[in-house]
Amino acid sequence: MIDLMTGNVAAAKAAMLAGVEVVAAYPITPQTSISEKLAEMVANDEIKAKYIKVESEHSAMAALIGASYMGARTFTATSSQGLALMHEMLFWAAGARRPIVMTVVSRSLGPPWNIWTDHMDVIGERDTGWMQFFCENNQEALDLILLAYKVAEDKEVMLPTMVIEDGFILSHTFEKVDIPAKEEVDFFLPPFNPDVKVNFRKPRRYGSLVMPDWTMEFRYNNYLAMEKAKKKFAEAGSAFSKAFGRDYSSLIESYRCEGAEAVLIITGSAAGTAKVAADRMRERGKKVGVAKMRVFRPFPNEELLKLAENVRTIGVFDRSYTFGYGGAIYSEVRNALFSLAADLKVKGYIGGLGGRDVTETDFEKIFDDLLTLRRSGLASNQVDWVGLKDGSMRW
Amino acid sequence: METYRDLPQSSYTLQSTESVRTGTWRTLQPVIDLKKCTRCYTCWKFCPDVSIEVREEGDYPRVDLDHCKGCGICSNECPVGAISMMREDAI
């Protein structure tokens, strides 16, 4: 059934379709309408879930870790400072191998106080051991939650997942969304039945003290699970495609990358804008493409290397900044491709912070910059800020 | 257990928490003055390490020294000042 809805309603519907059993959430802009919608669904018996009202995001995550240990399928959503407040518990969820799914409605971190989108909040949590999937549109805000449960609950993975939708651009903007039938989702995503759950007849202690002689081995197992998640995502994406007709079989979606002289790697809603810019450039005979990084954790090294076999000039657009160096995605892409031939050019672009609009024209200029880089082999900077009011009128 | 392959998922162990004797970390020890103690069990309620034992109703609280880390919360919370923290080497 196709309906018109915001990204936040799409996320709440996805949680409902997934048959979540416990929701614990604290409202924060621009996530609030997800927790409101879920509370309404619980109140109206549309889903048979327990809704736990908590006093903070830290408690929300703690409650879900406990509920997940009991064998419940769990969901929450947050943004920005709320995600930062969860930080400690995010490590607990990942270390405890709890497949909790959380929508992060991405938002800038203060100060200065700003409720609009960027990825500083999410990138700040990249090392907590959570998988991170980025949505381009409201359809993906729904689909990627269903996929997230499928991958996270795989017995060889068992890791929590953040599904990231851009604040206001997706969360509060209406788009057509194809909602799958509940029976079809039930077939795709059977009930959660973990191997490890609390059993009062067989007491265990969870998350307890481990001496230095075993902690590394626990960490190593988390590493192995994250590596396996790449293959599991592709498999689950193919199964999703068969079930619902939308293809998520790759961690990186290539758009007009065939024969491209320059490709821009990008995440989130700005990917849609970059695709329009790529279309316009192609109309003008300029061979450019877009590689949308759908999955940032686990990092898609293999797909990236495959992409770079054919394209020697790569731009990376980060909607965040890692102070002291550059965009996180830029630095990781550059690192992943370091072993390739020296003629490979990788340049970073920072933009869209705090909800700053990023237009098709901005991306056309980025593509032109990349094509110039390809010809000259020289870059004025390794990282450029796009749309900055610096008086240079460069952008 | 020999390798990472033998580890349980979800970081659980089958051992009892009692087996990890965290009391060896302690430098200060709570000492209960039974003349002052009213057996209100406030210390039992507040101990973060479940190291105050009350074996049966009406009994005086005792300190499980194998697991008490000597944080002093019991001493701080005791409403009648019956628990004092003493240096280990002075006892």
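This is a working chat about a predicted model, its interface and some of its local features.

User: How many residues of chain B and of chain A take part in the contact?

Analyst: Chain B contributes 17 residues and chain A contributes 22 residues, and the two chains bury about 1700 Å² between them, with 61% of that area on carbon and sulfur atoms.

User: Which residues in chain B lose the most area to chain A?

Analyst: Those are B:Y4, B:Q9 and B:S10, which together account for 35% of what the chain B side buries. As for composition, the residues on the side of chain B that touches chain A divide into 7 nonpolar, 9 polar and 1 charged.

User: OK, how many salt bridges and polar contacts go across the interface?

Analyst: The rule finds 0 salt bridges across the interface of chain B and chain A, whereas 8 residue pairs are in polar contact between the two chains, counting pairs with both residues at pLDDT 80 or more.

User: Which strands pair between the chains, and in the parallel or antiparallel sense?

Analyst: Strand β9 of chain A, residues 205-206, pairs with strand β1 of chain B, residues 12-13, in the antiparallel sense over 2 bridges. Within that pairing, A:R205 has B:T13 in β1(B) as its bridge partner.

User: Back to B:Y4, which residue does it form an aromatic pair with?

Analyst: The partner of B:Y4 is A:Y220, in an edge-to-face arrangement with 4.5 Å centre to centre and 70° between the planes. The pair joins two chains, because A:Y220 lies in helix α8 (residues 212-244) of chain A and B:Y4 in the segment before β1 of chain B. Over all chains, the count of aromatic pairs comes to 15.

User: Switching to salt bridges, how many are there over all chains?

Analyst: The structure holds 35 over all chains, and one of them is formed by the side chains of A:D143 and A:R246, at 2.5 Å from N to O. That pair links distant parts of the chain, 103 residues apart, with A:D143 in helix α6 (residues 138-152) and A:R246 in the loop between α8 and β10 (252-255) of chain A.

User: Now the backbone: where are there cis peptide bonds?

Analyst: One is the bond from A:T29 to A:P30, with omega near 0°, and A:P30 lies in the loop between β2 (22-25) and α2 (32-43) of chain A. Another joins A:P111 and A:P112, with omega about -5°, and A:P112 is found in the loop between β5 (101-106) and α5 (120-123) of chain A. For context, most peptide bonds are trans.

User: And which residue has a positive phi although it is not a glycine?

Analyst: A:R97 does, with a phi of about 60°, and A:R97 sits in the loop between α4 (80-95) and β5 of chain A. Most residues other than glycine have a negative phi.

Key. Residues are numbered from 1 along each chain as its sequence is written. Chains are lettered from A and ligands numbered from 1 in the order in which they are written. Side-chain values use heavy atoms; hydrogens and water are left out. Contact means heavy atoms within 4.5 Å. Buried area is the accessible area (1.4 Å probe) that two parts lose on being put together, summed over both. A salt bridge is a side-chain nitrogen of Lys or Arg within 4 Å of a carboxyl oxygen of Asp or Glu. A polar contact is a pair of N or O atoms within 3.5 Å; within protein, one must be able to donate a hydrogen and the other to accept it, and residues adjacent in sequence count only if both atoms are side-chain atoms. Ala, Val, Leu, Ile, Met, Phe, Trp, Tyr, Cys and Pro count as nonpolar, Asp, Glu, Lys and Arg as charged, and the others, Gly among them, as polar. Two strands pair if DSSP finds at least two bridges between them. Helices (H or I, at least four residues) and strands (E, at least two) are DSSP runs, numbered from the N terminus. Rings of Phe, Tyr and Trp (its six-membered ring) pair if their centres lie within 6.5 Å; planes under 30 degrees apart count as stacked, over 60 as edge-to-face and the rest as tilted.
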